[in-house]
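Reader: Hi! I'm in my first year and still learning to read protein models. Could you take me through one part closely, namely the salt bridges and the helices that carry them?

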Amino acid sequence: QSESARWYPALIGWIKGNGGFIHESLVLTNQDGIRGIACRDAIAKDELLIRLPAAIALSGESMPSTHGSKHVSSWLKCLAALYQAYKSNDSHYRPYLDSQPSDYEHLFQWTDNEVNEYLRGTTLGTIVKQDRSQNTLEQRFRTSVEPYLIYTGALSSSPSLHDNAKAIAEQFRQLCMVLSTRGFHMQSTSLDNKTDSRQQESYSGPFLLPFIDLLNHNPTRACTTLQRNADGGTFYMIAERNIEKGEEIFHSYGNDLSSAQCLQTFGFVPDESIRRAVAGAWNGVDETNSNHGAGEVTPAVLSRDDILSACREMAESDYPMQVRAHIENHRNGEDESWHVKVDASRKLHDLISSEIPINYSDAFLPDQLVTLCTLLLLPEDAYNDFMSDSPSLLDSMVLQDYYLGKLVCRSILTAIDNKKKTYGNNVESDSDRLRQLYHDKKNREGGIGAELRAMYGLTVRIEEMACLERLRRHVLELMDSLDDDGDDDSLDVGGGESGEAIECTGKRKRDGDE
């Protein structure tokens, strides 16, 4: 409170002195170290909450869009403007800069141990560890950021030539967190697409918006939305419903963001998503990809290498021989079979992405996954025929072939099991730990940094495992359909958790079943 007593009145005075407006009922709050804005008195629907002239929004709109022959991203333009604002002691933006927190909750702040423990096996954890091992942030600064900052005058010369190079590198890291956690993006309008002598391209963000960036994210309790005048000028927010006395003013940073995207960008996972993972409440996700205000479920990812390895493992096992024997003994030899040999040299890159997302909302097996497995397992003549005729992605219908369908399904089950091993724990143990952490947080009315990070990481990991389990169910349903012709003899398809047998009908045996 003593800190806010210094910068908050100065910020409000600066905004109003530059033609802005802040509703008189809006006041600063601080709960468990998290700043926010609440209303001291009730506010009626359609009342103006905040108005900011474009002159006090910090953005890259006026920065050069090219550097040499290269196009400059809007992110880099805004970063250069932020550097310039901090560079000047008498900066026009000083009241806003003084309002920035001294530290940010962001993945940059996580220790290596926290990343390894809480994000083990996840796509986001892999990205973070790879970036750190390759010094991606530092390389990006040297190769693309530093030259543009010097070009625009935001830096006088190369920091690498001075003793304070390390301090400037740390400043870059800090300002990256500012843009990531506090930058706003606007949807372009038809007017935005008009060009003039000052601006040669549409600029939709990021914008750093004083006071507005104090509002916290909560999609279920949001009462306002950021808007901008059609002429690209004033930013404003209006009460979209009646707001009760003492209520915090929330808006939404984006309803379609996954937990991993929120964590990577803003440094947190929404409480609604954590509660969904605690409860395992995935109902409704199929239709809306979200429920109860939670964002999208973080997709799992299976790489081409994951699938190639799984197909090889399946092909080198006894499973193809078991399926051939099953065809001869129980299906009257009606289905074609062949000797399976996985050829990694087959050209699949034009058809298949290096990483295949597995979304919880997928109603069927992803076409890329079906195509990759099929092309790796087809006999040589069938593969050549397919590739010679303008190849396109295959869907699950191709798996109605009994032999091919069984092999593809077994390969996918193997890939799922191998992927789950990378998480270290199973979904049950992660869910139990998350449930306990969340219960302790509720009782404490707040969270300790390391425990919050644990909840964020566990939520992402549980969501990915939920996507894999949903894919497993789709695979087992497909295997069930392959035996719908009255073949009552079951063939162990493998791929079951803890080594239990799964019948080819796709139904797990329960205790007591005959």
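Author: Happy to help; here is a walk through the salt bridges, followed by a pocket and the cysteines.

A word on the ground rules: this is a predicted model, in which local features need pLDDT of at least 70 and side-chain atom pairs count only at pLDDT 80 or more, while totals for chains, interfaces and linings use all residues. Residues are numbered from 1 along each chain as its sequence is written, and side-chain values use heavy atoms, with hydrogens and water left out.

A salt bridge here is a side-chain nitrogen of Lys or Arg within 4 Å of a carboxyl oxygen of Asp or Glu. The whole structure has 20 of them. Helices, which host several of the partners below, are DSSP runs of H or I with at least four residues, while strands are E runs of at least two, both numbered from the N terminus.

Let's start inside one helix. Asp271 and Arg275 form a salt bridge whose closest N and O atoms are 2.7 Å apart. Both belong to helix H9, 4 residues from each other, which is about one turn of the helix. Arg275 is partly exposed at 37% relative accessibility, and Asp271 is also partly exposed, at 26% (buried means under 20% relative accessible area, exposed over 50%, and partly exposed in between, with a 1.4 Å probe and protein chains only). Other positions of H9 are buried, among them Ile274, Arg276 and Val278. Just after the helix, Gly280 takes a positive phi of about 60°.

Next comes a pair that reaches across the chain. Glu117 meets Arg433, with 3.1 Å between the closest N and O atoms. Glu117 sits in helix H4 and Arg433 in helix H16, so this salt bridge ties together parts that are 316 residues apart in sequence. Glu117 is partly exposed at 32%, and Arg433 is partly exposed at 31%. Helix H16 spans residues 427–444 and also holds Asp440, which is partly exposed at 29%.

A third pair joins Glu380 and Arg346, at 3.2 Å from N to O. Glu380 lies in helix H14 and Arg346 in the loop between helix H12 and strand S14, so the pair ties together parts 34 residues apart in sequence. Glu380 is partly exposed at 44%, whereas Arg346 is buried at 5%. Elsewhere, Asp417, Lys420, Glu469 and Arg472 are joined into one network by salt bridges that share partners.

Now for the pocket. A pocket is found on a 1 Å grid over the protein atoms alone, as an open set of points with protein on both sides within 12 Å along at least five of seven lines; lining residues have an atom within 4 Å of a point. The second largest pocket has a volume of about 320 Å³. Its lining has 15 residues, and those closest to its centre are Thr126, Val301, Asp306, Glu355 and Lys419. Helix H5 gives the largest share of this lining, 5 residues.

Finally, the cysteines. There are 0 disulfides, a disulfide being a pair of cysteine sulfur atoms within 2.5 Å. For Cys223, the closest cysteine sulfur is that of Cys39, 7.6 Å away, which is too far for a bond. Cys223 is buried at 0%, and Cys262 is buried at 3%.

Notes:
On a 1 Å grid over the protein atoms alone, a cavity is a set of points where a 1.4 Å probe fits but cannot get out, and a pocket is an open set with protein on both sides within 12 Å along at least five of seven lines; lining residues have an atom within 4 Å of a point. Grid points are joined across faces, edges and corners, and a volume is the space filled by probe spheres set on the points.
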